[in-house]
Amino acid sequence: MSVAQISRNEAQAPVEQREALPLRIVRRLANSRELTLFVLVVALALAMTIVYPHNFPTGPNMRAVLLNLAPVGILVCGMMLLMIAGTFDLSVGSTLALSGVWAGVVSGWWGWPAEAALLIGVVVGAVAGLINGLIVTRIGINALIATLGTLTIYRSLTYVTAGTGVTPISDSFAEYGRAADPVLRIQSPFWAMLVLVLIGGWLIARTRFFRQFYFVGGNPRAAQLSGIRVDRLILIGFVIMGALAGIAGVLGAARLNSAVVNAGVGIELKVITATVLGGASLKGGEGTVLGGILGVLFIALIENAMIINAVGVFWQGLVVGLVLLFAVSLDRFKTAGRA
Amino acid sequence: MVARLEVSQLSKSFPGVRALDDVSMAVEPGEIRALLGENGAGKSTLGKIVAGVYSRTGGEVRLDGVALGELDEKAAGELGIGIVHQEGSLVPQLSVAENIFAGRQPTKWFGQVDVRLMREKAHALIAQLGVAIDPAMKVAFLSPAQAQIVEIAKALSRELRLLILDEPTAALTLTETEKLFEIVRRLARDGVSVIYVSHRLAEIFALCNSVTVLKDGRLAGTRKVAETTTDELIRLMVGRDVHLARSASSRKTGPIVLEASEVSAPPLVQSASVTVRAGEVVCLAGLIGSGRSEFCEAIFGARARRAGEIRIAGAPINPQGPWDAKHAGIGMVPEDRKTSGLFLGMNLVNNIAATVLSKVSSGANFSNRKAEALAGNFVSELRISTPSVHKIVGELSGGNQQKVLLAKWLAMEPRLLIVDEPTRGVDVGARSEIYRLLRGLAEKGVALLVVSSDLPEVLALADRIVVMAEGRTVGELAGEGATEEQVLRLATRFTSSVADVRKEAVGA
């Protein structure tokens with residue numbers, strides 16, 4: 001028997017030993033962020049149903065919660081992709097507003113068909129993303145600084161384009177954001193988010209193309225030397241992020257029938273919080289869309305609980321921040337268990 | 001006489017692993033003690049415990065008769081225990097001088113760092129190693145060898161009683177190694193005890209007085225160097241005989257696979273040419289900084305070329321990036337597996353699948369099942385010792401990581417495989433397996449271009465040796481019958497007239 005074989009057998013013995021059941025459950029929870037979040041979301045929803053039977057599990061409340069989380073949910077798909085690749089985009093809130101305003105201008109001021117307005121809004125978002133991607137990959141400016149710059153540039157362009165905004169836009173345009181399904185009566189932004197999350201989740205989890213993003217984030221130099229086109233993928237990631245911000249922007253504008261210049265202010269931090277909560281790491285290489293959307297759901301439930309409880313809005317940030325720190329500190333346990 | 005260092009019944013456990021088990025040894029003042037063992041044998045762990053990097057699980061450590069309690073690296077440093085780490089402990093963004101005096105910078109009034117004094121001191125420390133490195137330069141701009149020298153200078157910057165060197169020569173050239181040895185011998189003459197962790201047996205015989213061998217965390221034996229032999233040490237270390245010697249091969253070489261002519265990729269590659277046939281192992285030898293790795297990167301499309309032609313099986317290619325080279329059937333195992341080779345945070349399956357994503361997919365879908373099967377095959381074929389294909393690669397030993405890196409490129413079934421430093425930081429056992437593997441590949445008709453700074457390795461592997469100096473290919477030798485002296489003479493005797501050297505090489 002060779003040395004390699006002996007050491008392999010020895011290595012197997014201690015690692016595969018079964019632990020006590022409770023410990024195994026804890027470890028499993030710690031090792032799968034999705035599972036942890038899922039358990040937390042279900043527990044929180046159950047607790048709220050029991051504590052606030054008249055406020056929480058009602059149709060209007062549920063609809064409001066789901067509709068409010070739609071833009072963050074749409075953006076999380078793109079942010080997760082970028083963070084898997086080891087980068088991120090701070091300009092999404094400004095991109096969202098710029099797209100909404102352009103859609104508003106095209107439909108409200110110029111009187112073009114609603115479909116053209118939607119399309120142009122999304123294209124504006126994709127172009128904004130493309131510019132971010134070009135700055136990061138071609139000029140080589142760090143994503144934090146590049147998108148911090150475009151965050152203010154895009155917001156400023158929004159003001160320049162439409163001053164105080166476009167209100168009202170047009171009824172035919174508004175219909176795209178207000179249409180609701182006959183059964184649950186939830187408006188279209190939620191359904192758009194659901195479709196995007198399902199498609200995005202499948203693409204990132206299963207397809208060969210998107211699998212490459214994990215390698216880019218895992219070790220960009222090794223990915224490059226493995227024949228993966230790192231810069232091109234990062235560029236594509238930013239374009240997808242921008243287009244998603246565009247979709248969130250036009251749907252938001254349509255639902256309100258108003259392109260607000262202050263739309264999406266501060267949303268980037270909420271999106272990044274949900275993405276990190278959902279299992280992404282700033283170092284890149286890990287995370288799933290499922291985790292991201294569970295992160296969004298969890299934050300939405302906490303905020304809802306505080307609203308029902310009439311806890312001041314001022315306290316929400318404190319709770320969300322604590323939850324984030326708690327979730328990330330779980331990773332310490334995870335690595336300790338693995339070594 | 002009290003021993004300088006006395007370690008008794010030392011044990012160290014990591015979760016799930018017993019890294020050291022009941023190890024005792026004593027080192028006298030002025031003694032140079034080699035610590036030998038395969039990767040994972042516990043030799044680095046022992047060094048790190050003594051230097052306060054790790055805390056021990058059991059046992060006792062005495063320095064000049066005084067028992068040491070729990071100590072950290074800083075406290076150990078104050079006691080006169082210095083360590084030079086295997087993996088860099090330098091901060092790339094800071095200057096050489098600041099790294100050497102990290103946390104102990106000389107100060108002027110009000111705590112201001114005395115930059116001039118610090119640089120002067122750093123300069124003196126480096127100069128005694130016989131090297132010139134600008135103390136004001138950022139560490140990020142240093143070559144691996146230069147960074148290693150700075151690490152050593154950092155350890156020497158204190159009053160030392162015990163110096164621990166953990167694989168200090170992995171990145172050094174022969175000349176630099178010789179200089180390091182002189183310094184170590186001088187320190188020993190001054191009464192400093194040295195623990196020299198290495199797998200390189202030749203170095204141990206050249207430098208050390210005595211040698212302690214560890215195997216699987218246990219003491220396998222301590223010998224006086226004058227009274228032992230290479231064979232005995234290898235037996236202690238691996239428990240079997242290992243042959244690194246050249247195997248007489250009767251390989252037939254096929255048609256030319258790679259033909260690179262007058263490739264220029266400034267500043268490090270001036271004009272380099274090489275041909276490799278199917279089934280042939282060509283080694284690129286030369287000193288560190290001679291442009292070998294950069295020449296390979298230019299062939300692989302990872303470095304921009306200014307001039308020159310690259311043909312694969314006769315057809316010219318112009319790779320704009322590694323993806324183009326990969327498409328032409330070229331694979332490259334890079335020099336530094338941690339920074340540019342592996343995805344350390346990912347498991348074996350993903351690492352091995354990285355070059356062949358389309359092969360492990362059905363249509364657009366990535367197939368975990370296919371990727372696992374692929375990884376499983378390589379684990380058994382290359383004898384990678386891992387509990388499962390889902391193990392995180394960063395947790396494997398150096399030798400096994402190197403095998404994973406090779407597997408990643410074997411998976412794409414290259415026509416030409418470039419291997420830069422195939423056995424850097426790999427223990428003797430894994431080393432012989434990697435040699436066997438590379439020879440096996442050549443037998444299957446793969447063209448191999450191997451870069452190595454380890455001359456015995458070059459002589460053991462090469463069918464042909466191409467020597468580079470200052471960015472040019474300056475000579476060629478047949479592998480059979482070549483000697484270290486011949487290679488070195490070519491590598492160092494480069495004059496401005498390349499043609500002269502070429503003529504000499506042909507004459508030799």
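This report covers one helix and several salt bridges in chain B of a predicted model.

## Helix 5

Helix 5 of chain B runs over residues 144–156. Its 13 residues reach 19 Å from first C-alpha to last, close to the 18 Å expected at 1.5 Å a residue.

The helix is mostly covered, with 10 of its 13 residues buried. Among them are B:Ile149, B:Val150, B:Ile152 and B:Leu156. B:Gln148 and B:Glu151 are also on the buried list. The buried residues pack against strand 6 (81–84) and strand 7 (162–166) of chain B. They also pack against helix 3 (96–100), helix 4 (115–127) and helix 6 (174–189).

## A loop-to-loop salt bridge

The count over all chains is 20 salt bridges. One of them pairs B:Arg424 with B:Glu335, closest N and O atoms 3.1 Å apart. The partners lie 89 residues apart. B:Arg424 sits in the loop between strand 19 (416–420) and helix 15 (428–443), and B:Glu335 in the loop between strand 16 (330–333) and helix 11 (337–341).

Both ends are partly exposed: B:Arg424 has a relative accessible area of 22%, and B:Glu335 has 27%.

## The network at B:Glu433

B:Arg383 forms a salt bridge with B:Glu433 at 3.4 Å. The pair links the loop between helix 13 (368–381) and helix 14 (398–410) to helix 15, 50 residues apart. B:Arg383 is partly exposed at 22%, whereas B:Glu433 is buried at 8%.

B:Glu433 also bridges to B:Lys403, at 3.2 Å. This pair joins helix 15 to helix 14, 30 residues apart. B:Lys403 is buried because its relative accessibility is 4%, under the 20% cut-off. Shared partners join B:Arg383, B:Lys403, B:Glu433 and B:Arg436 into one network.

How values were computed: Residues are numbered from 1 along each chain as its sequence is written. Chains are lettered from A and ligands numbered from 1 in the order in which they are written. This is a predicted model: local features need pLDDT of at least 70, side-chain atom pairs count only at pLDDT 80 or more; totals for chains, interfaces and linings use all residues. Side-chain values use heavy atoms; hydrogens and water are left out. Helices (H or I, at least four residues) and strands (E, at least two) are DSSP runs, numbered from the N terminus. The expected span of a helix is 1.5 Å times one less than its number of residues. Buried means under 20% relative accessible area, exposed over 50%, partly exposed in between (1.4 Å probe, protein chains only). Contact means heavy atoms within 4.5 Å. A salt bridge is a side-chain nitrogen of Lys or Arg within 4 Å of a carboxyl oxygen of Asp or Glu.
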